[in-house]
Structure formats: structure tokens, C-alpha cells
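Please open the model in your viewer, with the sequence panel beside it, and follow the stops below in turn.

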Amino acid sequence: MKNLTLTSFCALALSLSSAYAERNYGAWQQRAGADTTTTFRAVATAVTEDGHVAVAGYNDLLSNDTWLVTSYDAITGAVRWTQSKGNAFGDVRPAAIAADSAGNIFVGGFTQGNGRDFLVIKYDANTGTELWTKTYNNAATNGSDEITAMAVDYQDKVIVTGGSYHNGSEDFYTIKYNNDGTIAWEKRYGTSFLDRPAAIAIGPQLEVVVVGRSRVFDLSCYTTIEYDINGNQGTPLNYDSVNDDIPSDVAVDSNGNIYVTGTVRIASGPKYLIHTIKYGTNPWTKTYDAPGGNSDWAPKIEIDGKDQPVMACTAKLDSLRTVFRAAKYNSSNGVEVWSKDTALLSGRPTDSLTDIVADMKVDSLGDVIVTGDTAPVTGTDYLTVKLSGIDGGVLWQQRLNGDATSGIDRPAALALSLGGDVVVTGLMDRGDQNTQSHIGTVRYNRLALSKGDRVTGVGLSTAAVVNSLGSPSVGYDYLITRLTVKDGSKVFNGILNTANGNTVEVLQGQAAPGVLNGKFSTFTDPVPSGDEYGFVANLTGVPTGQTSGLWYRTTVNGPVLVMQTGKQAPALPAGVLVSSVLNFDSITYGVVAHITLKGTGVTSSNNSAIIHWTSNDGAKLLLRTGTSYMINGKSSNVKTLGIFSPPADSPGHGRYVSNFEVTLKVTLTDGRTGVSTVNTAGTVYHKAFSGGPADMVASGGLWSSFTQPQIGYNGGWCAVLGSLKTGLGGVTTSNDSSIVWSQLSSGNFQLLVREGSPAANISGATYTKFSPPVTTGGPDFVFKATIKGTGITTANNTGIWKASSQANATLLVRTGDFAPDALGVATSRVFASFTSIAYPNLSSKPTLRATLKGSGVTISNNSALFASDSQGKYRQVLRTGDKMGALTIKSFTTLNSVPKAMNATRSFNSLRQICALVTFTNLSQSIVLIDVP
């Protein structure tokens with residue numbers, strides 16, 4: 001891969017206050033357009049949900065331009081596929097690109113046919129094969145029909161809009177396509193003069209909003225058209241300043257309010273101002289006039305996560321300088337929350353006189369990314385700037401120069417990944433004295449959180465920054481972590497949530513909800529569930545014995561007290577108090593907690609309980625020590641409850657609760673151990689106990705012991721590693737362990753795999769030892785095992801298998817196998833051992849951490865993280881010794897329990913995102929969020 005020259009403004013890190021630090025790095029750069037005799041121009045880019053990048057552009061020929069669509073790998077930037085289209089009748093050019101939830105790519109533009117015709121192509125996500133191709137020609141005129149904008153809605157239906165020649169002028173023409181390419185509806189809007197759409201947006205009710213200009217003689221006005229989900233048109237919204245008005249962009253907030261931005265000309269001359277309009281609840285208008293008394297142009301508008309509109313434009317400050325300008329408005333009244341421009345960028349080269357905006361996006365944290373070109377004395381470069389959504393402070397800036405020092409490098413568009421990585425594409429010089437250009441695409445990955453990054457929260461000043469980091473967890477699409485915050489000379493403990501920016505939602509010294517006079521002091525690592533999370537905290541300002549508690553943080557009410565030590569234990573008789581919270585797990589709308597008890601009637605025989613609590617239904621007792629069990633005809637009492645903490649030999653994340661059921665290891669007072677499940681109604685099911693029959697494994701066999709059982713997070717299935725008594729039913733020390741599974745609320749255990757049986761997919765080998773199984777949401781389980789047999793040595797005697805209740809085990813990976821690189825291609829490195837496993841979802845293989853050996857492997861680079869992509873191919877996604885920009889990875893923490901964690905922290909989610917705490921060789925630390933393709 002040929003490198004581009006990347007100038008990262010090193011002076012920025014020195015001159016910026018640490019309150020405005022955010023680390024990013026150029027992950028990769030690529031070019032498209034092999035013909036060195038012509039220029040290729042980019043027009044748009046999109047990032048799929050699995051992180052792959054698609055770029056649309058065209059080969060700018062003297063005649064018969066051809067469009068070019070390229071898909072790049074998320075991790076490496078390698079070309080996945082390329083498609084082009086042209087014809088013998090004239091130009092074929094794209095104008096817009098979008099992706100659906102499956103990663104399929106839509107490109108819209110025009111093809112030369114009967115005049116210019118709409119052209120929309122849907123490409124397969126993985127191969128680039130055309131799934132369908134649609135054109136539109138207004139046969140009544142055979143005039144120009146040209147797509148100008150496109151969007152994909154939440155049902156993966158694509159909507160295109162463009163200008164269509166009709167009755168001597170041009171109209172808005174909008175088409176909504178079903179998933180198979182059939183037309184859901186098509187609508188024309190026009191006056192007797194020119195009407196041309198500029199932008200399109202999708203609303204929360206799948207409404208389609210199109211904005212453009214309607215021209216009357218030499219003047220034009222804003223025209224906004226809204227269509228409902230079925231294509232029914234609302235009343236056109238028009239804005240006319242009496243002079244010339246040119247809209248350029250539109251956005252819709254979560255309440256359906258519409259924001260339109262563009263330029264309006266003042267009556268006294270050729271000067272244009274930025275004019276933004278809100279339609280809907282509390283409508284308003286906002287006009288911006290650059291201080292230099294010159295024109296402003298090219299505004300873009302987006303909505304942040306709090307429904308606040310953000311606008312970016314090119315502003316002319318004086319006769320010499322133009323700059324990027326961004327502003328956030330209060331959605332209720334249009335008052336500026338903040339505004340910033342690039343005139344005073346720290347570390348900015350003094351020869352940069354002109355910055356021109358090409359595109360702008362707002363990420364999931366509310367931060368604003370603007371890209372465009374910046375002009376030194378000769379030529380232009382890419383300039384990309386990220387601004388804090390809180391106050392517009394510069395988080396980072398990157399300047400990119402192509403192969404010719406004074407060549408033309410001009411961005412056209414940017415796009416963001418789910419994790420907030422930034423992709424910029426545009427026209428880039430070729431160098432080598434070549435006057436032609438190609439398409440240059442760069443990806444900037446973000447370090448999600450680092451020491452020195454700015455944080456916000458109630459009670460913190462604007463100078464508050466990260467001081468140290470705990471092990472992170474990833475929820476549905478956000479990160480949470482325990483951390484310390486430095487605010488001036490003071491350091492506070494806290495819990496940070498990125499769902500609404502880098503917000504410290506719980507802070508040392510804050511009043512603890514539900515606790516009289518109590519204030520938060522220290523915290524354990526929080527555990528997420530969906531969009532919410534639970535945490536345990538210590539308290540100050542309370543009586544002795546009441547100094548800790550368990551809270552559940554809801555998206556609506558914030559932290560809600562579940563229980564407090566020294567206080568009444570929920571769902572237990574009056575006078576029974578909480579002594580301690582041993583551990584817990586978050587579930588949807590609540591938690592399941594393992595607690596110890598004290599108080600009225602509590603003895604050493606009944607001082608432990610499992611409590612299920614939700615914000616909707618309150619608390620229920622699921623199980624308590626001292627409870628009488630009748631197992632296999634023999635009565636005994638529950639002595640201990642084993643839940644949450646993974647066994648010492650477990651390589652994986654523990655999953656012990658679902659939203660509906662809990663599975664746990666139970667020890668009885670007569671010494672028997674076993675597996676029980678309890679549903680949220682408190683009904684207990686005894687799955688198997690030592691001394692009980694194990695006929696599903698060996699006829700006449702009896703159980704001896706069990707490890708901690710596992711449960712799918714959606715419930716319905718559990719699995720456990722159990723041992724049998726030797727000497728019965730043919731059981732020996734060579735075949736006495738097995739992994740069994742069952743449905744939770746009914747059914748007995750059934751055999752999954754057994755020691756001494758043939759190892760799946762390895763001829764002549766048998767299983768010798770198993771790790772406890774790891775499971776996910778359904779009837780599939782993953783386990784690590786050692787094997788023996790023909791050709792088996794200590795270098796290849798360990799593997800990871802996937803087994804299903806409905807099928808045999810399948811070998812996934814084995815020590816001695818060649819380890820893949822970031823593209824999934826085998827290298828000369830081999831797997832030496834597997835240290836931890838997680839099973840994010842049924843559609844993928846387990847994520848695993850491994851040690852490596854082989855060519856080029858040293859103690860500094862022998863640890864790596866591997867995950868399967870959407871095609872089931874293992875890829876290396878993180879490795880010690882690798883570079884992240886100028887930083888080198890020394891170590892990382894992920895997929896394992898950590899000290900002070902109440903449970904195995906969730907380093908992964910079902911979206912195939914993985915988070916890790918990375919330590920670099922300079923001893924700095926950052927949290928990274930990896931989007932697995």
C-alpha cells in the first residue's frame with residue numbers, strides 16, 4: 001500500500017489545553033483510479049455497520065465519463081471489490097452513496113441515455129455484484145433526469161431525488177424503492193419555473209423530506225417538501241427573501257422538526273449570508289453574516305444526539321481568508337450554543353490562507369467533524385477538524401498532502417463508523433510530475449478515551465479531564481468505565497458513559513440517590529445491559545455498616561438505589577438486612593444480585609440470597625441458603641450458592657443470568673453439589689446433583705461434581721462441565737468428564753461432548769480435558785479442550801470447538817494452526833495458546849485472545865486478539881507491538897474479569913464491537929473500541 005504524506009499538526013498536542021485532547025491516528029490511506037492519463041474524482045463515501053468503507057466517484061474524461069465504486073476493508077483498507085459503469089452514449093456519473101443495515105451499497109447518479117436518466121444500483125455487500133439496477137427517464141420529454149441526493153431509511157429502502165425535465169422546465173422527482181428494487185412510490189413536484197432538489201433526509205416516522213430551490217426568472221427560493229411513509233405529499237414549505245435564496249442541506253430531528261440551511265443574497269449586492277430555518281415546534285430562523293463583510297457559502301446541517309442542530313459552512317473573513325465555521329444552535333430558539341472557526345487553529349501553518357468546507361458530520365457523542373481543503377501558497381491539502389460538541393473546542397485536526405508538495409488535494413465527502421472513526425475521500429494529486437489526479441481515501445481511527453481527554457458532568461468544571469482509566473465495558477453502542485477525573489488540583493472517582501458524550505454520570509462527592517446524607521466515594525467496574533448499567537459504590541456520610549450499596553442507572557431516572565448495606569434486604573422478611581453485595585449482573589431494566597444477610601432470624605445457615613430486581617417490578621427473592629431441597633428422594637438444605645464468578649480454569653466470560661432465568665451451582669448441607677435454575681417467578685428447577693443418575697452420559701453412571709453452569713443471555717439454554725464417579729457405568733479417570741446442556745425450565749441434561757470420545761474434525765484424536773463452556777443467546781456453546789492421539793504434541797494439543805444442541809461439535813481453531821493477519825490471511829505465526837474466549841452472538845465465531853510463536857514473534861508482540869468477521873473468517877484485530885499512529889501497543893486488557901469487578905466485564909456486544917484498555921510503550925493508556933467487520 002502506497003503511503004500518503006500525513007501531517008498531523010504535532011504542535012497541536014503541545015499548544016492545546018489538555019481539556020481539548022483526543023487522540024486519533026491514520027489507520028490507512030488508499031487510492032482509486034489506475035489510469036494515470038485521466039483524473040478521477042470522488043463524490044461520496046459511506047461506512048457500513050460492519051465498518052467497511054465504500055467510495056463513489058468517476059473517471060473525468062473528455063467524453064463518456066465512467067463511474068467507479070470501490071469497497072475498502074474496515075481494518076486494513078485493502079480493496080474488497082471494485083465496480084465501474086459506462087456507456088457509449090455519454091457520461092455515467094454517481095452523485096450519492098449509502099449503505100443498508102446488511103452492508104449492501106446503493107449508488108445513485110445519472111447515465112446518458114434519452115438525455116440524462118436517473119441511475120440507481122444496489123451492490124452486494126461482500127462481492128460488489130449488482131443486485132439490481134434501476135433507471136428513470138421522463139419519456140414525455142426525454143430531457144435531463146439527474147439524481148442529486150439519496151438516503152436509506154430504517155427499513156433498508158432507498159429513496160432518491162433529483163431534477164427531472166418536464167413541461168419546459170425542471171421539477172423535483174423523488175422515488176422510493178423497495179428492497180427488491182420495485183418502486184414503492186414516486187412523486188413529482190414542480191412550478192412553471194425551474195425546481196431542483198439539493199438534499200434529502202429521513203424522519204423518525206420514515207417520512208422523507210426533500211429540500212431544493214424553486215427559481216423564478218433570475219431569483220430562487222427555498223422549497224421544502226415532506227412525504228409520509230406512503231408518499232403522500234404535505235404542503236410545500238417556502239422561504240423567499242425576495243432576493244436569491246439557495247438551500248443546500250436538510251436535517252430532521254427525533255421529533256420530526258425540520259431544519260433547512262442555505263444561503264440568501266442581500267439586496268444591496270452580490271453578498272450571500274448563511275440562513276437556517278427550523279420548521280415544526282417553536283420555529284425560528286437564524287442568519288449568519290461573516291465579520292469581513294463578504295459572502296459565506298456551502299452550509300451543511302446535522303442533528304446531534306440531543307436534537308440540537310449543528311451547521312458548518314465556509315465563511316469569508318476578509319479579502320484574503322476563508323475559514324471553516326461551525327455552530328451549534330439551541331433547538332428551541334435558535335440561539336447559538338457555540339461557534340468556532342479555523343482561523344486560529346493551534347499549530348496551523350501560517351501559509352494556509354483559504355479553508356473551504358466540503359462536508360460535515362456529527363458523531364454519536366455529539367462531536368462535530370468538518371472536512372475540506374486548505375490552501376497554502378501553492379496547491380491545496382485535505383484538512384479535517386474535530387470539534388467538541390460541548391463547546392466547539394478543537395479535539396484534533398489532520399492535514400493530508402498527496403504525492404506532490406504543491407499539488408491539488410481536495411476532499412469531497414466524509415463518513416463515520418459506528419465507533420466514531422472518520423473516513424474522508426476526495427481528489428488527490430498523483431505526484432511524479434503527473435498533472436492528473438486520483439481518488440484518495442483516508443481513515444482516521446479514534447482512541448475512544450485517553451488520559452487527558454475532556455469530560456463533563458454535574459459538579460465538574462470545564463477543565464475536567466481523565467486522570468486514569470479502569471477496564472471498560474461496551475453496551476449496545478456505548479462505552480462505560482470506572483475512572484478518576486482530575487479537575488484543577490482535585491481528583492475524583494467516577495463512572496463515565498459515552499452515550500451522551502464523555503459524560504461522568506456518577507461522581508465522588510455527589511449525593512447518592514436513595515441514601516439519606518450519603519455521598520458516593522469509590523466504585524466497582526459498572527456492568528452494562530442494553531442502554532443501562534448497574535454498579536456498586538462505597539459511601540461517606542452514613543452510619544457504620546451502611547457504607548455501600550447497589551444502584552441501577554436507568555436512561556430516564558438516572559441511578560436508582562436497589563439495596564444498601566445495613567438496610568432492609570429487598571423481598572425478604574422485615575428485619576433481614578443486607579450485609580454485603582458479593583456480586584451482581586445487569587439485566588434488562590434491572591439486576592440480579594448475590595448478597596449476604598444479617599439481622600432478624602439470620603444465621604450462618606441462611607445468610608446468602610439471590611435477588612432479582614427490575615425498575616418495573618421491584619425485587620423478588622429467587623433463592624436463599626437454608627432452603628430445603630428434595631433431590632433424588634433425599635432431603636437437604638442449600639448451604640452455598642455459586643454464581644457470577646467464573647471458575648479458575650474458565651477461559652471465557654461468565655454468563656449466569658438471562659432476562660428470565662438464573663442458573664447457578666448449589667452446594668447442599670449433606671455435601672452434594674449440583675446445578676439449579678430459577679425463573680423470575682421464583683420457581684426452582686433441579687437439573688442434576690452429585691450422586692444422581694448420569695445416564696445421558698454413561699448408562700449406570702452417577703454424577704460426582706460440577707463447575708459453574710452457563711446460561712444464554714436470552715435464556716432458554718444452559719450448559720455445564722460435570723464429572724462422573726469412576727467405577728460405575730464404565731467410567732474411568734480417562735472418560736469421567738463431559739459437557740452437558742439442557743433447556744432451562746424443563747428437560748434433563750443431554751450430552752454435548754465427553755472426555756475420551758473422538759475429537760471432532762481431528763482424525764485419531766480424543767478429548768482429554770475440557771474447560772467450562774461459554775455460551776451466548778441460543779443453543780450453541782463454545783469450549784476449549786486438550787486432546788491426545790496420533791500426531792498430537794504439546795504444540796498442537798489444544799483447540800476451541802463450537803457445539804450445538806442440534807448438531808455435532810465443530811473445530812474452530814487449534815494450537816499449531818497458522819494465525820491470520822488483519823485480513824484473515826494465514827501468516828508464518830502460529831497459535832501457542834488460547835487465554836480467553838467470548839461468544840458475542842450466534843452469527844459469528846467466538847472472539848478469542850491467544851499467545852503466538854513463530855517467525856518474528858518476541859515477548860513484545862506475542863499476544864493478540866482475534867475475532868471473526870461477518871463472513872466467518874478469523875482476523876487479528878489487536879496485537880502487542882502493533883502501531884496505533886505513533887504509539888506502540890505494550891499490553892491490553894479485554895475478555896477477562898478484573899480486580900474489583902463484581903462480574904466479568906462485558907468487553908464485547910452483539911454488534912461485534914470489542915473494547916479494550918490499551919497500555920502503550922510510553923506508558924500512556926487509552927480505551928479503544930474495535931468494530932469487527
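The tour goes from a buried strand to an open sheet and then to a cavity.

This is a predicted model, in which local features need pLDDT of at least 70 and side-chain atom pairs count only at pLDDT 80 or more, while totals for chains, interfaces and linings use all residues. Residues are numbered from 1 along each chain as its sequence is written, and side-chain values use heavy atoms, with hydrogens and water left out.

**Stop one: strand 29**

Select residues 381-387, which form strand 29; strands here are DSSP runs of E with at least two residues, numbered from the N terminus. Seven of the seven residues in strand 29 are buried, so the strand is largely enclosed by the rest of the structure, where buried means under 20% relative accessible area with a 1.4 Å probe and protein chains only. Colour the two faces separately: D381, L383, V385 and L387 lie on one side, Y382, T384 and K386 on the other, and both faces are covered.

Now add the partners of strand 29, taking two strands as paired if DSSP finds at least two bridges between them. Strand 28 (residues 368-375) pairs with strand 29 in the antiparallel sense over seven bridges, and V370 has V385 as its bridge partner in strand 29. Strand 30 (residues 394-401) is also antiparallel to strand 29, with six bridges, and there W396 is the bridge partner of K386. Six residues lie between strand 29 and strand 30 in their hairpin, where G392 takes a positive phi near 80 degrees.

**Stop two: an open sheet**

Next, display strands 49 to 53, an open sheet of five strands in the order 49-50-51-52-53 with antiparallel pairing. Strand 49 (628-631) and strand 53 (684-689) stand at the edges with a single partner strand each, so one side of each is left without a neighbour in the sheet. Within the sheet, select strand 50 (residues 634-642) and strand 51 (residues 661-668), which are joined by four bridges; L641 has V666 as its bridge partner in strand 51.

**Stop three: the largest cavity**

Finally, select P840, S844, K845, T847, A867, S868, R912, Q913, I914 and V932, the lining of the largest cavity. A cavity is a set of points on a 1 Å grid over the protein atoms alone where a 1.4 Å probe fits but cannot get out, and lining residues have an atom within 4 Å of a point. Strand 67 (863-868) and strand 71 (913-920) are the elements that give two or more residues to this lining. The structure holds three cavities of 30 Å³ or more, and about 40 Å³ of space lies in the largest, a volume being the space filled by probe spheres set on the points, which are joined across faces, edges and corners.

Note on methods:
1 Å grid on protein atoms, 1.4 Å probe; cavity = no way out; pocket = protein on both sides within 12 Å on 5 of 7 lines; lining within 4 Å. Buried < 20%, exposed > 50% of the residue type's maximum accessible area, 1.4 Å probe, protein only.
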